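Good morning, colleagues, and thank you for making time for this item. I would ask you to look at the structure on the screen while I go through a few of its features.

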Amino acid sequence: VIEAVPHTLASHGWWIAGRASGIVAFVLVTVSVLLGLTMAGKPVRGPGLNRKLMALHEQTALAGLIAIAVHGFGLLADPWLRPGLAGVAVPFALGFHAFWTGLGVIAAYLAVLLGLSFYFRRRIGPRRWRAAHRATIAVYVLGLFHALGAGTDTGSPPFLLFAAGSGVPIAILFVYRLGAARRRGERRLAARGTFA
Amino acid sequence: MMQLGRGRLRGPGPAVVAWGSLALFVVLFVAITLQLSSVGEPGRRSAVAGQAITREAIESQPSPDEFEEDGEGVESDEELEFEPPEPEVVLPEPEPEEAPAVVTSSS
């Protein structure tokens with residue numbers, strides 16, 4: 001096995017880098033979405049907890065963006081797949097698992113747009129930014145489908161375990177968040193009715 | 001130290017996430033490399049290899065110009081149809097019959 005490593009790295013090094021960074025990107029996006037939903041729904045409270053979660057949410061999101069970029073560059077440089085710039089940058093242009101890779105490209109663009117919009121939220125307007133930021137769950141869902149449809153390692157038990165183990169709490173927190181937003185809206189309406 | 005003055009809690013620094021991500025990447029990179037190294041060359045990337053081979057086959061199809069003979073132009077699309085040459089039928093050579101025994105008579 002060790003003797004074959006140099007040959008494997010020479011022929012498949014970029015592909016391996018693309019695979020590894022894809023998994024890292026998915027893990028980071030999952031953790032970031034999980035933290036974001038935890039903060040938004042406020043199922044747990046504690047002194048300074050929101051600040052801690054906020055810092056971790058931002059860091060994992062940025063690291064996830066870097067991992068997505070490495071994933072794209074790794075596959076772009078792969079001499080075997082040879083996707084070309086269009087195959088990596090244009091949705092559904094790659095001949096290999098066109099639909100699933102297309103979902104991944106869309107997820108990457110959404111991640112960049114929604115992730116970096118945080119730094120322009122004052123210019124965008126807090127309310128508008130918050131409404132757009134809620135769509136970040138789509139990055140996770142598209143990324144999950146992209147991984148399951150086109151990923152080489154997604155059939156492995158550790159990945160499936162991670163996807164299931166993170167998907168269930170994300171779904172629960174998402175529903176909780178929707179409920180929390182509805183409750184807040186109802187409280188606001190009730191308060192207006194009281195003061196009117 | 002997680003506890004700061006005035007009871008404020010500070011989150012983990014960006015270095016934790018950065019190093020953690022890098023460590024995960026390295027672990028996965030090494031694991032996939034070893035996994036691929038343990039499999040023989042034909043077993044690697046069978047799906048992707050198939051796709052690459054199909055693409056190369058499509059790219060390497062001869063263009064219509066290559067079908068022209070003696071530099072004459074092709075007038076209609078029908079003429080572009082390429083007929084593979086008929087395979088030569090090679091018949092096995094008949095085995096030499098045994099020569100009849102020569103009977104010599106001495107008289």
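**Loops, pockets and a surface patch**

I begin with Arg82(A), which sits in the loop connecting helix 2 and helix 3 of chain A. Please bear in mind throughout that this is a predicted model. The phi angle of Arg82(A) is near 45°, a positive value in a residue other than glycine. As general background, most residues other than glycine have a negative phi. Is Arg82(A) buried, partly exposed or exposed? With a relative accessibility of 38%, Arg82(A) counts as partly exposed.

A second case of this kind is Phe92(A), located in the loop between helix 3 and helix 4 of chain A. Its phi is near 65°, again a positive value in a residue other than glycine. Phe92(A) has a relative accessible area of 41% and is therefore classed as partly exposed, since that class lies between 20% and 50%.

I turn now to the pockets. The largest pocket has a volume of about 1200 Å³. It is lined by 42 residues, and those closest to its centre are Ala40(A), Trp129(A), Arg130(A), His133(A) and Arg177(A). Which helix gives the most to this lining? The answer is helix 2 of chain A, with 11 residues. Several helices of chain A each supply at least two residues of the lining, including helix 1 (5–41), helix 6 (126–133) and helix 8 (157–195). By character, the lining of the largest pocket divides into 22 nonpolar, 10 polar and 10 charged residues.

The second largest pocket has a volume of about 980 Å³. Among the 44 residues that line the second largest pocket, Ile68(A), His71(A), Gly72(A), Leu75(A) and His146(A) are the closest to its centre. Helix 1, helix 2, helix 3 (84–89), helix 4 and helix 7 of chain A each contribute at least two residues to this lining. How do the lining residues of the second largest pocket divide into nonpolar, polar and charged? The division is 29 nonpolar, 12 polar and three charged.

Finally, I come to the surface. A nonpolar patch of about 700 Å² is made by Val1(A) and Ile2(A) together with Trp19(B), Leu22(B), Val26(B), Val30(B) and Leu34(B). Of these, I single out Val26(B), which belongs to helix 1 (residues 14–38) of chain B. Its relative accessible area is 43%, so Val26(B) is partly exposed. That value also satisfies the requirement for patch residues of over 30% relative accessible area.

Key:
Residues are numbered from 1 along each chain as its sequence is written. Chains are lettered from A and ligands numbered from 1 in the order in which they are written. This is a predicted model: local features need pLDDT of at least 70, side-chain atom pairs count only at pLDDT 80 or more; totals for chains, interfaces and linings use all residues. Side-chain values use heavy atoms; hydrogens and water are left out. Patches are made of residues with over 30% relative accessible area and no salt bridge: like charges are joined within 9 Å, nonpolar side chains (Val, Leu, Ile, Met, Phe, Trp, Tyr) within 5 Å. Accessible areas come from the Shrake-Rupley method with a 1.4 Å probe; for residues, only the protein chains shown count as cover. A salt bridge is a side-chain nitrogen of Lys or Arg within 4 Å of a carboxyl oxygen of Asp or Glu. Helices (H or I, at least four residues) and strands (E, at least two) are DSSP runs, numbered from the N terminus. Buried means under 20% relative accessible area, exposed over 50%, partly exposed in between (1.4 Å probe, protein chains only). On a 1 Å grid over the protein atoms alone, a cavity is a set of points where a 1.4 Å probe fits but cannot get out, and a pocket is an open set with protein on both sides within 12 Å along at least five of seven lines; lining residues have an atom within 4 Å of a point. Grid points are joined across faces, edges and corners, and a volume is the space filled by probe spheres set on the points. Ala, Val, Leu, Ile, Met, Phe, Trp, Tyr, Cys and Pro count as nonpolar, Asp, Glu, Lys and Arg as charged, and the others, Gly among them, as polar.
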